[in-house]
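Me: I am new to this structure and would like to learn how its labels are earned. Could you take me through a few of them?

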Amino acid sequence: MVHKTFAEITQYIKDGIAIPKCYVNDIIRIETDFGKNAQIIDITFNKTVIIKLSSTVYNISFINCIFNAPIYFEGNCILKDFGFFDFEFNSSFSIDNVSATKFEIAGCFLKRGIHSHGLVAETLRLELLKSDSAKLNF
């Protein structure tokens, strides 16, 4: 696996090019629209990820990724379709003040759990969650 910056990953997404399996050691702030369909695949995030999307975006999917640091939704995020699939969350996961047409978490391993306050979703899917001791607080 190689190291990439999130700016490089963003460019891969915007160009519609497959992202090579890699890891990111920078604190990440996702505040940009990637386009209609963004798939972030096979990335290990070793630093905090903050998602702050204030305008409606299209489809963003994180697939087969690993979070070794906290992930937060900051501010009032407005999303269309947003999903985490076949993921490993090894730290805290906080979803606060998010509005979404569809919000999915499926096939994920949760080490600590999920905290949510103010999540509004037309469709919310929590499926195939695996955990030894994680707690869900909605």
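Reply: Gladly! This is a predicted model. A good place to begin is with S12 and S14, which run parallel and are joined by 12 bridges. One of the contacts puts Ala 106 opposite its bridge partner in S14, Glu 127.

Me: What makes S12 and S14 a pair of strands?

Reply: Two strands pair if there are at least two bridges between them. S12 and S14 have 12 bridges, so they qualify as a pair.

Me: How do you know that S10 and S12 pair?

Reply: The reasoning runs along the same path. Eight bridges join these parallel strands, and the rule asks for at least two, so S10 and S12 count as paired. Among the contacts, Asp 81 has Lys 102 in S12 as its bridge partner.

Me: What makes S9 and S12 a pair?

Reply: Strand S9 covers residues 71-73 and pairs with S12 in the parallel sense over two bridges. The cut-off is at least two, so two bridges are enough. Ile 71 has Phe 93 as its bridge partner in S12.

Me: Why is the contact between Glu 104 and Arg 125 called a salt bridge?

Reply: The name needs a side-chain nitrogen of Lys or Arg within 4 Å of a carboxyl oxygen of Asp or Glu. For Glu 104 and Arg 125 the N to O distance is 2.5 Å, so the contact meets the rule. The two residues are 21 residues apart and link distant parts of the chain, with Glu 104 in strand S12 (residues 93-106) and Arg 125 in strand S14 (residues 113-127). By this rule the count comes to one salt bridge.

Me: Why is Glu 104 called buried?

Reply: Buried means under 20% relative accessible area. Glu 104 has 11%, so the label fits. As for its strand, 10 of the 14 residues of S12 are buried, and S12 is mostly covered.

Me: And why is Arg 125 called partly exposed?

Reply: Partly exposed lies between the buried limit, under 20%, and the exposed limit, over 50%. Arg 125 has a relative accessible area of 28%, so it belongs in between.

Me: How do you know that Ile 78 is partly exposed?

Reply: Ile 78 has 35% relative accessibility. Buried would need under 20% and exposed over 50%, so Ile 78 counts as partly exposed. This residue is found in strand S10 (residues 77-85).

Methods. Residues are numbered from 1 along each chain as its sequence is written. This is a predicted model: local features need pLDDT of at least 70, side-chain atom pairs count only at pLDDT 80 or more; totals for chains, interfaces and linings use all residues. Side-chain values use heavy atoms; hydrogens and water are left out. Helices (H or I, at least four residues) and strands (E, at least two) are DSSP runs, numbered from the N terminus. Buried means under 20% relative accessible area, exposed over 50%, partly exposed in between (1.4 Å probe, protein chains only).
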